[in-house]
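Trainee: Could you take me through one part of this protein in detail? I would like to see how a single helix sits among its surroundings, and then what else is worth a look nearby.

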Amino acid sequence: VVIAYVDMNDNEWRKTYNSFVLNTNIPNKQINSEIRFRDYGTLKACLRSIEQYMSWINNVYLIVSSESQIPEWINRNIVNIVYHEDIIPKEFLPTFNSNVIELHLHNIKNLSEKFIYFNDDMLLVDTNVIEDYFINDKCVHFMTEAPNTPIRKSDDFYRQKRHNSVVILHEMGYDVDTTKVYYNNHGPLPLLRSKLK
């Protein structure tokens with residue numbers, strides 16, 4: 001399991017964030033709004049739920065930007081700490097964009113071919129088995145049609161989003177309506193290291 005984590009209350013992180021994001025002319029402020037970095041205090045419950053309901057998991061990796069981001073209660077004998085600088089080229093750091101982090105997860109040292117990507121606000125409530133995530137070396141995805149998503153032929157963003165979602169589903173063997181957009185709900189996401197690379 002790989003978990004991305006940010007503690008926006010960390011003064012060191014806040015100082016870096018303010019200097020690189022708030023003082024920069026970034027076109028899409030929504031991407032960098034504080035709601036993207038909120039910490040509901042759920043990381044401990046997330047880790048406990050993995051321990052309780054996914055006993056077959058070999059390793060847990062916590063992705064953080066710096067030492068100050070690691071909660072003091074983390075047991076480093078159980079949780080492997082990975083810093084952004086360990087997996088992301090220096091020219092892209094610092095980053096506050098989850099897409100940049102996610103696109104470099106395959107660089108985690110000793111990461112298994114099959115892994116599950118979590119966020120710290122994802123909690124398991126019942127026993128999970130590996131077949132909930134992988135069958136015959138393929139990822140199991142729960143994709144649903146995006147509600148109220150406009151499909152405008154003139155809009156490059158939505159055209160690309162529709163194309164990407166359909167390509168993903170076709171690669172998984174699904175026959176889907178190519179005029180619709182599909183998305184993965186916010187939940188644990190099975191990934192293949194080689195595919196991500």
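Mentor: Happy to; we will start with one helix, move into the core around it, and finish with some details elsewhere in the chain. Please keep in mind that this is a predicted model.

First, the setting. The protein chain has six helices and nine strands. Of its 197 residues, 39% are buried. Among contacts with a separation of 6 or more, 65% join residues 24 or more positions apart. The chain exposes about 12,400 Å², and carbon and sulfur atoms supply 49% of that area.

Now to the helix, H2, which spans residues 43-53. Which of its residues are buried? They are Leu43, Cys46, Leu47, Ser49, Ile50 and Tyr53. If you look down the axis of H2, these buried residues fall within an arc of 160°, so they line one face of the helix. Turn to the face directed away from that buried side and you meet the exposed residues Arg48, Glu51 and Gln52.

What do the buried residues of H2 pack against? Four strands: S1 (2-4), S2 (60-64), S3 (79-83) and S4 (114-119).

That packing leads us to the core. The largest nonpolar core has 26 residues, and the ones with the most contacts inside it are Val1, Ile3, Ile50, Met54, Leu62 and Phe118. At least two residues of this core come from each of H2, S2, S3 and S4. H2 supplies the largest share, with five residues.

Ile3 is a good residue to display with its neighbours. Setting aside residues up to four places away in sequence, Ile3 touches Leu43, Cys46, Leu47 and Ile50, and its partners also include Val60, Tyr61, Leu62 and Ile63. The rest of its list is Phe118, Asn119 and Asp120. A second core, separate from this one, has 14 residues, including Ile88, Ile108, Leu111 and Leu191.

Asn119 deserves a stop of its own. This residue is found in strand S4, and Asn119 is buried, with a relative accessible area of 17%; the cut-off for buried is under 20%. Its side chain makes a polar contact with the side chain of Tyr117, at 3.4 Å. Beyond its neighbours within four places in sequence, Asn119 is in contact with Ile3, Ala4, Cys46 and His186. Cys46 is one of the buried residues of H2, and Cys46 is also touched by Ile3, which gives you a small group to show together on screen.

Staying with strand S4, let us turn to charged pairs. Side chains of opposite charge can pair when their charged atoms come close. How many salt bridges does a search of the whole structure find? It finds two. In one of them, Asp137 pairs with Lys114, with the closest N and O atoms 2.8 Å apart. Asp137 lies in the loop between strand S5 (134-135) and strand S6 (138-139) while Lys114 is in strand S4, so the pair ties together parts that are 23 residues apart in sequence. Asp137 is exposed, with a relative accessible area of 52%, whereas Lys114 is partly exposed at 32%.

The other salt bridge joins Glu67 and Arg76, whose closest N and O atoms are 2.5 Å apart. Glu67 is partly exposed, with a relative accessible area of 45%, and Arg76 is partly exposed too, at 43%.

Last, some backbone details. Most residues other than glycine have a negative phi, and most peptide bonds are trans. Against that background, a cis peptide bond joins Leu93 and Pro94, with omega about -5°. Pro94 is in the loop between helix H3 (84-87) and helix H4 (98-102).

Asn110 has a positive phi, near 65°, although this residue is not a glycine. Asn110 is in the loop between H4 and S4, and Asn110 counts as exposed at 60% relative accessibility. Asn136 has a positive phi as well, about 50°, and is not a glycine either. You will find Asn136 in the loop between S5 and S6, where Asn136 counts as exposed at 72% relative accessibility. That loop also holds Asp137, the partner of Lys114.

How values were computed
Residues are numbered from 1 along each chain as its sequence is written. This is a predicted model: local features need pLDDT of at least 70, side-chain atom pairs count only at pLDDT 80 or more; totals for chains, interfaces and linings use all residues. Side-chain values use heavy atoms; hydrogens and water are left out. Buried means under 20% relative accessible area, exposed over 50%, partly exposed in between (1.4 Å probe, protein chains only). The arc is that of the directions from the helix axis to the C-beta atoms. Contact means heavy atoms within 4.5 Å. A nonpolar core is a set of buried Ala, Val, Leu, Ile, Met, Phe, Trp, Tyr and Cys residues joined through side-chain atoms within 4.5 Å. Accessible areas come from the Shrake-Rupley method with a 1.4 Å probe; for residues, only the protein chains shown count as cover. A salt bridge is a side-chain nitrogen of Lys or Arg within 4 Å of a carboxyl oxygen of Asp or Glu. A polar contact is a pair of N or O atoms within 3.5 Å; within protein, one must be able to donate a hydrogen and the other to accept it, and residues adjacent in sequence count only if both atoms are side-chain atoms.
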